[in-house]
Amino acid sequence: MKDSKRTYAYFKFYDRSKMQAYLEKMAEKGWLLTQSTDLCWQFRRIEPKKLHFSVVYFPKESLFSPNISERLSRLHDFCAHTGWQLASSNAQVQFFYNEAEDPVPIETDAVLEVENIHRATKKRFLPAYAMELVLALFNLVFQLIQCTRNPVSYLSAWGTLVYLLCWGVITILSLTELTGYFLWHKRAVKTAEEENRFKEPNNHPAHMLFIIPTLFLGFTVFIADHIGQGLGLFAALATAGLLLLACVVTLFCFLGLLRLMKKCKLPSAVTRIVSPFGAAIVCFLLFFPLMGFVINCFSDAARQRAREAAVAYEYRDHTFYAYQDELPLTVSDLTETGYTEYSRVCTSSETVLLSSLTGQENPRKNALWEPSLEYQIVRVKLPFLYDLCFDTMVQNLAHNKGTPEPMPDAWIQARTTDASHWGADAAYQLFLGGEPQNRYLVCYDNAIAEIDFDWTVTAEQMKKVGETIQNLTK
Amino acid sequence: MPRAKFQTLTEQMFYILLCLKNECYGMDILDRVPSMTNGRVNVGSGTLYNLLEQFLDAGMIRETKVEGRKRSYLLTDYGKEILKKEYDRLCAQTQDYRSIFEEE
């Protein structure tokens, strides 16, 4: 039978009543708290009994100090005098228990108690949550910038979309937690001053319970969609698990280093600097090479799988691959070409907001004179996104990858052209230095398509392309 | 209304200061207050600790002896003045009560 056990400490920093109730329940089951950190609590087996617990906040104590301060020792003495024994001390949070049936509480002045909790919270809880909020906001803004730069690829992929949503949720959770604390504090001060009564915080679970699954979901979907494409959910889950483990290990490293440095009686200023940086370095050394390895494995495996589905051929002592994906529109649908050895690549993605299909049909290297065709067809499911997608696609059309850089803007133009051939609402053609190119942007009421022909396209071909696009985006 | 610091004293503050008319160990106050009030007023150990710190900071008491972790305290003149003000306030309240109810 085990004589000790650990549990995860999932309480809000300032929710002392919930902590007390939990510790009293554990004592009734025969477990007494012996050690506490911000992550977990350690218990030792005792005779099951009814104990009273009191969580006391001592803001002057430092997390990094090697020894319990003389001031805190005096508080311990005061408490021991009234039958309150120290169960565990975790810097600003002290856990006491009392075996008496109806002991005098440690805190008998609600105003002082709220003041103490607030000072301890400002020192420990608020900086951590403010950092979390800054990190969440940074990620959210970064993702939004990525989204506005390329809304089509961003909003048509579940990975990026869910990742963006997850950071949005984390930002809201952090804001809610901080606002919740300040609202509670305001009410607690009022209640203490007017009624000399301690106002309990709202009975919401600690937000870490939401943050961890949200992060895990975000990492998993992002990885499944980006790195581990084609390798299945298990690989993505495993990698997301590793990422999350990196966060937890970093936290454990920090706490371990902190404990070690305090044991070695190093000055608090040294511990304050070395322990967080040490943990960050350990995290970097452990997980970045590991993540690099995992990502490489995924990329290699994805490449390998793609090659397995392709036909390899030799050209001028090099191996090339011709892919055989199904395409909704091919060169042979539009021209009389007799060439049959095209490489056809089709990629598609779809979310509730957008769907995007990209097709490429290119001849092999030994037949580069044969016509080629490239296109992207975007279906916009929510009308308010139409203009955003259109602006991006018209910019992409104008900045043709094939043109030498830098180019004066006036030299590259997307000019309106007759849309009736395409059966479209509007159509644009790329002009470089006044010369028309075979690159078009065609707009329908819920779809936009960019098509790059390798030949001068006829009205009949335009009609056929238009019909195909309309069929695809119905 | 926010409680202006030491403009009025809570019952606990009042009795702690009263205990310190004579030099007294902090810990002994925990026993003296209930015995002085027949158990009507109890001061929690955490509350006592914090109040002693605040009284020291405000110059209402001073440390007289340090024996290891045990410290004894004594009321200062300023502390006496605050205590007297509180006493006068309580007397005035009692007087007001009497003047109302003894008239009946």
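Between which strands of chain A is the loop that holds Ala91(A)?

**A loop residue with a positive phi: Ala91(A).** Ala91(A) sits in the loop between strand S5 (85–90) and strand S6 (93–98) of chain A. Helices and strands here are DSSP runs numbered from the N terminus (H or I over at least four residues for a helix, E over at least two for a strand). Before you look further: this is a predicted model, where local features need pLDDT of at least 70 and side-chain atom pairs count only at pLDDT 80 or more, while totals for chains, interfaces and linings use all residues. Residues are numbered from 1 along each chain as its sequence is written, and chains are lettered from A and ligands numbered from 1 in the order in which they are written. Most residues other than glycine have a negative phi. Ala91(A) isn't a glycine, yet its phi is positive, about 50°. Ala91(A) counts as buried because 21 other C-beta atoms lie within 10 Å. (The cut-offs, with C-beta atoms placed from the backbone: buried means 20 or more other C-beta atoms within 10 Å, exposed means 12 or fewer, and partly exposed is in between.)

**Another positive phi, in another loop: Lys265(A).** Look in the loop between helix H7 (233–263) and helix H8 (268–308) of chain A to find Lys265(A). Its phi is about 60°, and Lys265(A) is not a glycine either. Is Lys265(A) buried or exposed? Lys265(A) is exposed, because just 9 other C-beta atoms are within 10 Å.

**Met19(A) and its surroundings in helix H1.** Met19(A) belongs to helix H1 (residues 16–28) of chain A. It has 22 C-beta neighbours inside 10 Å, so Met19(A) is buried. Skip its neighbours within four places in sequence, and Met19(A) is in contact with Phe11(A) and Val55(A). Being in contact means that the C-beta atoms of two residues, placed from the backbone, lie within 7 Å. Zoom out to Phe431(A), 412 residues away along the chain, and its C-alpha atom is separated from that of Met19(A) by 70 Å.

**Where helix H2(A) meets helix H3(B).** Helix H2 (residues 70–81) of chain A crosses helix H3 (residues 45–58) of chain B at roughly 140°, with the axes coming within 8 Å. Axes are lines fitted to C-alpha atoms (for helices, over the stretch in contact), and angles between N-to-C directions run from 0 to 180 degrees. That makes H2(A) and H3(B) oblique to each other. (Under 35 degrees is roughly parallel, over 145 roughly antiparallel, 65 to 115 roughly perpendicular, and the rest oblique.) On the H2(A) side you'll find Arg74(A), Leu75(A), Phe78(A), Cys79(A) and His81(A), and they meet Ser45(B), Gly46(B), Leu48(B) and Tyr49(B) in H3(B). Sorted by class, this contact has five nonpolar, three polar and one charged residues. (Nonpolar covers Ala, Val, Leu, Ile, Met, Phe, Trp, Tyr, Cys and Pro; charged covers Asp, Glu, Lys and Arg; the others, Gly among them, are polar.)

**The side of chain A that touches chain B.** Here 21 residues of chain A are in contact with 17 residues of chain B. H2 and helix H3 (110–149) of chain A each supply at least two residues to this side. H2(A) gives the most, with eight residues. The class count for this side is ten nonpolar, five polar and six charged residues.

**The seven-stranded sheet of chain A.** This open, antiparallel sheet runs in the order S9-S10-S11-S15-S14-S13-S12. Strand S9 (343–350) and strand S12 (412–417) are the edge strands, each pairing on one side only. From one strand to the next, the twist averages 15°. To count as paired, two strands need at least two bridges found by DSSP. Strand S13 (residues 426–432) and strand S14 (residues 435–443) of chain A pair over six bridges, and Ala426(A) stands opposite Cys443(A) in S14(A). Helix H11 (residues 459–472) of chain A packs on the sheet, with its direction at about 140° to that of S15(A).

**The three-stranded sheet of chain B.** The order is S1-S3-S2, and the pairing is antiparallel. S2(B) is joined to strand S3 (residues 70–75) of chain B by six bridges, and Ile61(B) has Leu75(B) as its bridge partner in S3(B). Chain B as a whole comes to four helices and three strands, and 28% of its 104 residues are buried.
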